[in-house]
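Visitor: I'm new here, so could you walk me through this one? Please show it to me before we start.

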2 protein chains.
Amino acid sequence: MAADKASATPEKPRLQARKQPLQSRSAATVGVILEAAARILEERGLTGLNTNLVAQRAGVSIGSLYQYFPGKEALLAALIRDARAGLLEAVQQICTQGGLLSTQLRVLIRAAVHHQLHRPQLMRHLEYAELMLPLDQESAALNDALLNALQGVLMAHAVQEAEVTARDLIAISRGMIDSAGLAGESDAATLENRVWRAVSGYLSCAV
Amino acid sequence: MAADKASATPEKPRLQARKQPLQSRSAATVGVILEAAARILEERGLTGLNTNLVAQRAGVSIGSLYQYFPGKEALLAALIRDARAGLLEAVQQICTQGGLLSTQLRVLIRAAVHHQLHRPQLMRHLEYAELMLPLDQESAALNDALLNALQGVLMAHAVQEAEVTARDLIAISRGMIDSAGLAGESDAATLENRVWRAVSGYLSCAV
DNA sequence: GTCTATACGTAGATAGAC
DNA sequence: GTCTATCTACGTATAGAC
């Protein structure tokens, strides 16, 4: 009987929040908690993030936090989802509008720079967290949607090997913006031009 | 709340190993420990790395491990130093040889691809660890040396804005190789060509 | 439904035996 | 000089009060 207590640990990280914040007050609480988590992430990184500190900074008790997020990983998953969803919205809008390839890519790069340069440290920590977490269905779907949107644009303009090209373009942009953010750059326009040079250079050799 | 109990935390991470492995047996032990740490990093990431597990995998006791490394961060610092030193050696050799810019960059990209595609997960974890650790003197010096070597090549060929260009080229390469490694690519030659396209494209627009 | 208090597990680090 | 045993601290998660 007593042995049952410590039965085989299922290792089941729950990434979904226990409650969906349908009420406005709950939504506000969730927002406060997530913003606190984001700030801590920026200041202390992944290892410095813990549920007690988040609750304290958010001004709620640890018990309340656990009512909305079943653990540290759930906080990270929510932050990742939010970030991905924000970018995806902008990207899909651009991709469905059509136009010259160069124009579309320019605008996409602008969106990416704006998105990633806003809080570079936070994005970097989230990107790393994404690799370690067994990323949930929703985040995976958002990632796929992002890649597919870009791939669609490339195919619409008859670019060869759209799949690997899309991956490379994302890697180039992400790497450069990451690096610039880390170096303390804040001039989005200049950075945008440099990313454009790399992206257009990569493509012009290909065609 | 109650009185501050954990307020006076000095937070003094020692990054230097306690002993330098001058004897061959010690050097072997250090090597075994570091390889064990590297494997765990690849399998479980930064949060999964702990001193007990490293000692166990390395086949030494936790006490012995602490004689060589005063903690988890010292293990990471040593791994980062080793990786940086390995790449720097190759890069400096290439940079001091002279020749056409395109030739030199080609060879540099080859070295970078070879270096980073070998153990992509490990490199990614180390890159992230590098950001969180107050990186020690030696690693900082190695990083500077790397950047300077590339910058020197660019300046020798009269490339404008060598500093920011060097940073961008490193960011492009690192981002693409990282992404390719994560996607499971193992064809170094193909990847090398794609990185070359991005790098040469970036530069040709600049000149 | 929000808080306080606490039990539990894990990891860090050391002291002392051999 | 290497190992075993252990102490301490911290973070997670829950139970129960309000």
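Visitor: Which way does H7(B) pass H8(B), in a left-handed or a right-handed crossing?
Guide: Keep in mind that this is a predicted model. Look at H7(B) where it passes H8(B). The crossing there is right-handed.

Visitor: What is the angle at which helix H7 and helix H8 of chain B pack?
Guide: Start with where they are: H7 covers residues 137-156 of chain B and H8 covers residues 162-182 of chain B. Their axes are 9 Å apart. The packing angle is about 120 degrees.

Visitor: Is H7(B) oblique or roughly antiparallel to H8(B)?
Guide: An angle has to be over 145 degrees to count as roughly antiparallel, and 65 to 115 degrees would be roughly perpendicular. The angle of about 120 degrees between H7(B) and H8(B) fits neither. That makes H7(B), relative to H8(B), oblique.

Visitor: How many nonpolar residues are in the contact of H7(B) with H8(B)?
Guide: On the H7(B) side you'll find Leu147(B), Leu150(B), Gln151(B), Leu154(B) and Met155(B). They meet residues of H8(B), including Ala162(B), Ala166(B), Leu169(B) and Ile170(B). Two residues of this contact are polar and two are charged, while the nonpolar ones number eight.

Visitor: Over in chain A, is H4(A) roughly parallel or roughly antiparallel to H5(A)?
Guide: Helix H4 (residues 72-95) and helix H5 (residues 101-118) of chain A have axes that come within 10 Å and cross at roughly 165 degrees. Angles over 145 degrees count as roughly antiparallel. So H4(A) is, with respect to H5(A), roughly antiparallel.

Visitor: How many charged residues are in the contact of H4(A) with H5(A)?
Guide: H4(A) brings Ala83(A), Leu87(A), Val91(A), Ile94(A) and Cys95(A), and the H5(A) residues include Gln104(A), Val107(A) and His115(A). Sorting the contact gives nine nonpolar and two polar residues. The number of charged ones is zero: there are no charged residues.

Visitor: Now the DNA! Which helix gives the most to the surface near DNA strand D?
Guide: In all, 17 residues surround DNA strand D, and Thr51(A), Asn52(A), Tyr66(A), Ser64(B) and Gln67(B) are the closest. Helices H2 (51-58) and H3 (62-68) of chain A and helix H3 (62-68) of chain B each supply at least two residues of that surface. With five residues, the one giving the most is H3(B).

Visitor: How far is a phosphate oxygen of DNA strand D from an N or O atom in the side chain of Thr51(A)?
Guide: Among the atoms of strand D within 4 Å of the protein, 68% belong to sugar or phosphate. Tyr68(B) has a polar side-chain atom 3.3 Å from a phosphate oxygen of this strand, and a polar backbone atom of Pro70(A) is 3.5 Å from one. For the Thr51(A) side chain, the distance is 2.8 Å.

Visitor: And which helix supplies the largest share of the surface near DNA strand C?
Guide: DNA strand C is also surrounded by 17 residues, and the closest include Ser61(A), Ser64(A) and Thr51(B). A phosphate oxygen of strand C is 2.5 Å from an N or O atom in the side chain of Ser64(A), and one is 3.2 Å from such an atom of Tyr66(B). The elements giving two or more residues to this surface are H3 of chain A plus helix H2 (51-58) and H3 of chain B. The largest share, four residues, comes from H3(A).

Methods:
Residues are numbered from 1 along each chain as its sequence is written. Chains are lettered from A and ligands numbered from 1 in the order in which they are written. This is a predicted model: local features need pLDDT of at least 70, side-chain atom pairs count only at pLDDT 80 or more; totals for chains, interfaces and linings use all residues. Side-chain values use heavy atoms; hydrogens and water are left out. Axes are lines fitted to C-alpha atoms, for helices over the stretch in contact, and angles run from 0 to 180 degrees between N-to-C directions. Angles under 35 degrees count as roughly parallel, over 145 as roughly antiparallel, 65 to 115 as roughly perpendicular and the rest as oblique. A crossing is left-handed if the near helix is turned anticlockwise from the far one by less than a right angle, and right-handed if clockwise. Contact means heavy atoms within 4.5 Å. Ala, Val, Leu, Ile, Met, Phe, Trp, Tyr, Cys and Pro count as nonpolar, Asp, Glu, Lys and Arg as charged, and the others, Gly among them, as polar. A residue is near a molecule or strand if one of its heavy atoms lies within 4 Å of it. A polar contact is a pair of N or O atoms within 3.5 Å; within protein, one must be able to donate a hydrogen and the other to accept it, and residues adjacent in sequence count only if both atoms are side-chain atoms.
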